[in-house]
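Q: Got a minute to go through this one with me? I'd like to start with the charged pairs and then move to the strands.

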Amino acid sequence: MTGPETMTGETMTGKQTMTGRTLVAGVGNVFQRDDAFGVEVVRLLAERPTTPGVQIRDFGIRGVHLAYDLLDGCDLFVLVDAAARGAEPGTVTVLEVEPKGAPADGGDPFAVPVIDAHSLAPDDIFALLASLGGRPGKSLVVACEPADTGAGMGLSEPVQAALPHAVRAVEDILREHRTEEKGD
């Protein structure tokens with residue numbers, strides 16, 4: 001193969017299949033206050049115009065569904081979630097994630113812990129995806145430091161105030177990705 005080859009809408013470049021798809025997934029439990037951060041961010045993003053190939057989806061507490069959706073492949077995966085990292089509540093952070101693949105040493109690819117069907121820890125989602133033989137392209141997490149993840153509905157004041165910053169961060173990521181695609 002001397003150049004990109006198009007097959008059913010996908011472009012093969014080396015070992016990685018380029019799908020032209022970007023998935024922005026919001027996760028969280030709306031009944032645990034600030035844990036609903038990801039859900040709220042994608043709700044706001046869904047109200048804005050999107051670029052073809054970009055899917056904005058609310059997965060809520062359906063981590064297994066997210067892993068199965070990622071099996072369809074994507075060039076860019078942006079996970080939006082609340083994540084306690086020790087910063088001030090409301091702090092928005094963008095993290096690049098390097099998902100682990102199936103064991104290269106011949107180990108059992110299914111030797112991942114059984115997860116709760118509603119578990120949304122990013123590591124659990126990536127482990128399940130790897131056990132299913134999937135791997136997204138570039139993976140980023142837009143995380144917000146929660147103030148309160150106790151029972152109840154509605155975001156705390158600092159996390160509510162962080163919503164526009166997170167929306168802007170996702171939009172910046174998408175804009176940068178489009179620019180990189182055009183430059184290739």
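A: Sure. One thing up front: this is a predicted model. To start with a charged residue, Arg-175 is partly exposed, at 43% relative accessible area.

Q: Which side chain does Arg-175 meet in a salt bridge?
A: That of Asp-172, with N to O at 2.5 Å. Asp-172 is partly exposed too, at 37% relative accessible area.

Q: Where do Asp-172 and Arg-175 sit?
A: In helix H4, three residues apart, so about one helical turn separates them.

Q: How many salt bridges are there in the whole structure?
A: A search finds seven. One of them joins Arg-33 and Asp-148, at 3.0 Å from N to O. That pair links distant parts of the chain, 115 residues apart: Arg-33 is in the loop between strand S4 and helix H1, and Asp-148 is in the loop between S8 and helix H4.

Q: What's the relative accessible area of Arg-33?
A: 21%, which makes Arg-33 partly exposed, just past the 20% cut-off for buried. Asp-148 also counts as partly exposed, at 31%.

Q: OK, and Arg-57, what does that one pair with?
A: Asp-69, and their closest N and O atoms are 2.3 Å apart. Arg-57 belongs to strand S5 and Asp-69 to helix H2, twelve residues apart.

Q: Is Asp-69 buried or exposed?
A: Buried, at 12% relative accessible area. Its partner Arg-57 is partly exposed, at 33%.

Q: Which residues make up the salt-bridge network there?
A: Arg-21, Arg-57 and Asp-69 are linked in it.

Q: Switching to strands. How many of the residues in S8 are buried?
A: Six of the seven, so the strand, residues 138-144, is mostly covered.

Q: Which way does S6 run relative to S8, parallel or antiparallel?
A: Parallel, with seven bridges joining the two. S7 pairs with S8 as well, but in the antiparallel sense, over six bridges.

Q: What stands opposite Val-142 on the S6 side?
A: Val-80. From S7, Val-94 stands opposite Val-142.

Q: And helix H3, which residues are buried there?
A: Ile-125, Phe-126, Leu-128, Leu-129, Ala-130 and Ser-131. What covers the buried residues of H3 includes helix H2 along with S6, S7 and S8.

Q: What's going on with the backbone just after H3?
A: Gly-133 takes a positive phi there, about 90°.

Notes. Residues are numbered from 1 along each chain as its sequence is written. This is a predicted model: local features need pLDDT of at least 70, side-chain atom pairs count only at pLDDT 80 or more; totals for chains, interfaces and linings use all residues. Side-chain values use heavy atoms; hydrogens and water are left out. Buried means under 20% relative accessible area, exposed over 50%, partly exposed in between (1.4 Å probe, protein chains only). Helices (H or I, at least four residues) and strands (E, at least two) are DSSP runs, numbered from the N terminus. Two strands pair if DSSP finds at least two bridges between them. Contact means heavy atoms within 4.5 Å. A salt bridge is a side-chain nitrogen of Lys or Arg within 4 Å of a carboxyl oxygen of Asp or Glu.
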